[in-house]
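Here is a quick look at how two parts of one chain sit against each other. Have the model open while you read.

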Amino acid sequence: MNKIIEKKFFSENVVKLVIESPDIARNRKPGHFVIVKTGKKGERIPLTIAGADPVKGTINLVIQIVGVTSHKIASLEVGDEISDISGPLGKATHIEKVGTVLAAAGGVGTAPLLPIIEAMKKAGNRVVTVLAARNKDLIILEDEVRKHSDEVIIMTDDGSYGKQGLVTHGMEEVIKNEKVDLSIAIGPAIMMKFASLLTKKYDIKTVVSLNTIMVDGTGMCGACRITVGGKTKFVCVDGPEFDAHKVDFDEMLMRLSGFKEQEAAAYKKYIAELS
Amino acid sequence: MENLKDFYKRERAEEWRAEIRKTLKTKERTLLERIQMPAQDPDVRNHNRTEVNLGLDEKLAMEEARRCIDCPNPTCITGCPVGIFIPKFIKKIEIGDFLGAAKVIKETNSLPAVCGRVCPQEKQCEANCFYTIQLQKPPVAIGFLERFAADYERNSGQMAIPEAGKKNGIKVAAIGSGPASLAWATDMARFGYDVTVFEALHELGGVLKYGIPGFRLPNEIVDIEINNLKEMGVKFVTNFVVGRTATIEELREKGFEAFFVASGAGLPRFMNIPGENFTGIFSSNEYLTRINLMGATLDGYDTPVTLGDNVAVIGGGNTAMDSVRTAKRLGAKRAMIVYRRTREEMPARVEEVEHAIEEGIEFMNLNNPVKYIGDNNGRVKKMVLQKMELGEPDASGRRRPIPVEGSEYEVDVDVVIVAVGVSPNPLIPSSVKGLKTTKWGTIKVNDDFQSSIEDIFAGGDIVRGGATVILAMGDGRNAAVGMDKYIKNKIKK
Ligand SMILES: Cc1cc2nc3c(=O)[nH]c(=O)nc-3n(C[C@H](O)[C@H](O)[C@H](O)COP(=O)(O)OP(=O)(O)OC[C@H]3O[C@@H](n4cnc5c(N)ncnc54)[C@H](O)[C@@H]3O)c2cc1C
Ligand SMILES: Cc1cc2nc3c(=O)[nH]c(=O)nc-3n(C[C@H](O)[C@H](O)[C@H](O)COP(=O)(O)OP(=O)(O)OC[C@H]3O[C@@H](n4cnc5c(N)ncnc54)[C@H](O)[C@@H]3O)c2cc1C
Ligand code: SF4
Ligand code: SF4
Ligand code: FES
């Protein structure tokens, strides 16, 4: 169960795993995620299903190494089994023909965005995608994104690839050039916050996929709670996608840092023990 | 069929029981004092995680068993939701037949080691004991004796595994692996069904594992019970979220004839007061899950939890007591219960409240948080409490707490745990079309625990809202009977 059958590094810290998981592969839809745990003492972390093959019974995960658990999962090799995967969780993306969709991804956010643009394109939308990252090495899945987009704009912070600038610069360029009916932004919380501020200015409906801290992923604990439109919501069951203009991003950023010192210390210790 | 009263009477008339009654006069029995449960010293146990109650030894158990006067009308049984033959098992203990006692209990209760530890006896069996009702004396320690018999059997190496019935090849499934499901699975396997239990989490046992801490109910005890079920042929599938990993419809296609939904009341409630989303504020479910299920703070485990000197727990139920006593064990200097009513109204088991007091937990009764204050990083640092007073009784019969205007004051906190109740888990109700629910989100069932969809039965907290382990188990057993009846009728047609 949960055997890794393919592994590929997109960059030093971003890895794609193809995993045998037939039930999840059959039932997942764009927007869904899984909770993954490795080893008896491991932590449960959420990861978006970046693609699936229902015939082969496999799902794809794209993981950015940021701490102990993502490192442990990324260190598994082809043939290894991941002890626990549960899902598909969360609400699927609402796919509909709206006209022009402006999709924006920051860093590893491209992975969760991919199945969504694929579905949006299939539904008959014009899809314009902005991919942004710190530098060229961190731009991932470009070919796949091109396959499902009518137009792709690439932005890097240092200008090492595409245009130099932030994701919001790329987005604004599109907004100024054509009528955008819906925007989707996925990436680090801070990126989503600024993308949301931008589209609010232009009054463009925007969907974000939130990556809060989670434990169970089934609505049981409330670790993933955030405020949307003044009400507390659980990202794992009410989301992960929400109307960006109603999300309290500052609160979300604050909640994401809830275990920051502990996590940093644990990672340091873990890396020290590795070497 | 003879009625229960006649059955009790016939059993009571058996020679061995008549004999044992004669060994001591009823009057003398009633003069015996209730034994004390040996327990770890409060100042030791509030620094470790091992079980608080150490259990009775054979001598103590036999001594306590003598107090039971083997009533002709055993009112205690009416207080037990699964109707354990209480005097019969207690008299078996009195004659030293401990395995026999365990066997009697297991005729109606498949998890006695669990219930003996966590049942609110003071509201159930012991509340209805002759001593309580007629003599106004401490009741026979039915719970302690039940636990003793179960532990004795488990440690004897001769644990009786219920026999699976002759296989009928009919596939049935439970959703969730808490006590309701475990009781249901035992009976269905006994009836000969091919039983599968699906669990969303990576561990089995439901609240028994992720909620109730090891110092009250060691995980090994739950694991042993689950292993016995495995020996009976029950299949368990973890990491399987029914409604997500597969829908009930898909499971029907895979040949499951009927379903028992026992998905619990897992959705935590918050109070929706300002600042409740600051970091350092947890639901009791999150706090206990991180520690009990995920091993936070244990060596080598990756899941973090926040520690602090001042920990406040909001609420007065079992969940609140478990959280606050856990916080104390993790080193809190001040571990506080903030409860808006008084000790009399607390829904927690009396023993837990007593243990908490012994362990140095501070009780701030007649207080309610109205707001939290955070630091610049969004971490909670103070709670604002408002004093309360009790007014007229409300619908639940408990006196309604009324805020005292202008009584607000601040208390320093590093961690806050909100334990103000849970709602039914909406995952199943929302994923099955046509499944009728109440306005509280619980699944509607008839007397056979059958829902509005004929092949779906339900029981435990998903039907009752937050209830108890033994009520959940009782539902599981009744649902098994109901489901068996339903399947047999269907085959006949
Ligand atoms: C619905 C959902 C889908 C997700 N999908 C993916 C995915 O497809 N690929 C992927 O790589 N990650 C994804 N994430 C984020 C992923 O779960 C976290 O990166 C992971 O939990 C980190 O665990 P760790 O133990 O490796 O690091 P930790 O030790 O937990 O964290 C290390 C550092 O990263 C920061 N951090 C922790 N969690 C997050 C987060 N959620 N977002 C931003 N920073 C964080 C912390 O502040 C900390 O400083 C998703 C999250 C959610 C909620
Ligand atoms: C901290 C705490 C302390 C308590 N203390 C006591 C006590 O001392 N005495 C007492 O009598 N009662 C106590 N209770 C209450 C008691 O534990 C519950 O009433 C009882 O566990 C309910 O049993 P259940 O089988 O209905 O559900 P649960 O034990 O809640 O189990 C439900 C299971 O279903 C799983 N599930 C949910 N949805 C799905 C799905 N879609 N697919 C697959 N699996 C799913 C869940 O993950 C869970 O494991 C306590 C509760 C808590 C939280
Ligand atoms: S199961 Fe609970 S209520 Fe019944 S006898 Fe045992 S302790 Fe009492
Ligand atoms: S009511 Fe009390 S004394 Fe009477 S049989 Fe039951 S436990 Fe014994
Ligand atoms: S992760 Fe526990 S409720 Fe969302």
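## The two domains

A word on terms before we start: domain bounds here come from an automatic or database domain assignment. On that basis, chain A of this predicted model splits into domain 1, covering 4-89, and domain 2, covering 100-256. Sixteen is the domain 1 share of the contact and 20 residues come from domain 2 of chain A.

How far apart are the C-alpha centres of domain 1 and domain 2 of chain A? They lie 21 Å apart.

## What gets buried

Put together, domain 1 and domain 2 of chain A bury about 1400 Å² between them, and 70% of that is on carbon and sulfur atoms. On the domain 1 side, A:Phe10, A:Phe33 and A:Arg44 supply 28% of the area buried against domain 2 of chain A, more than any other three residues.

As for polar links, the salt bridge count between domain 1 and domain 2 of chain A is 0. Polar contact does turn up across this interface, in 2 residue pairs, both at pLDDT 80 or more.

## The domain 1 face

Which strands build the side of domain 1 that touches domain 2 in chain A? Strands E1 (4-11), E3 (33-37), E4 (44-48) and E6 (58-64) of chain A each chip in at least two residues. E4(A) gives the most, with 3 residues.

Sorted by type, the residues on this side of domain 1 of chain A come out as 10 nonpolar, 4 polar and 2 charged.

How values were computed
Residues numbered from 1 in each chain as written. Chains lettered and ligands numbered in written order. Predicted model: local features only at pLDDT ≥ 70, side-chain atom pairs only at ≥ 80, totals over all residues. Heavy atoms only, no water. Contact = heavy atoms within 4.5 Å. Buried area = accessible area lost by both parts, 1.4 Å probe. Salt bridge = Lys/Arg side-chain N within 4 Å of Asp/Glu carboxyl O. Polar contact = N/O pair within 3.5 Å; in protein donor to acceptor, adjacent residues only side chain to side chain. Helix = DSSP H or I, 4+ residues; strand = E, 2+ residues; numbered from the N terminus. Nonpolar A, V, L, I, M, F, W, Y, C, P; charged D, E, K, R; others polar.
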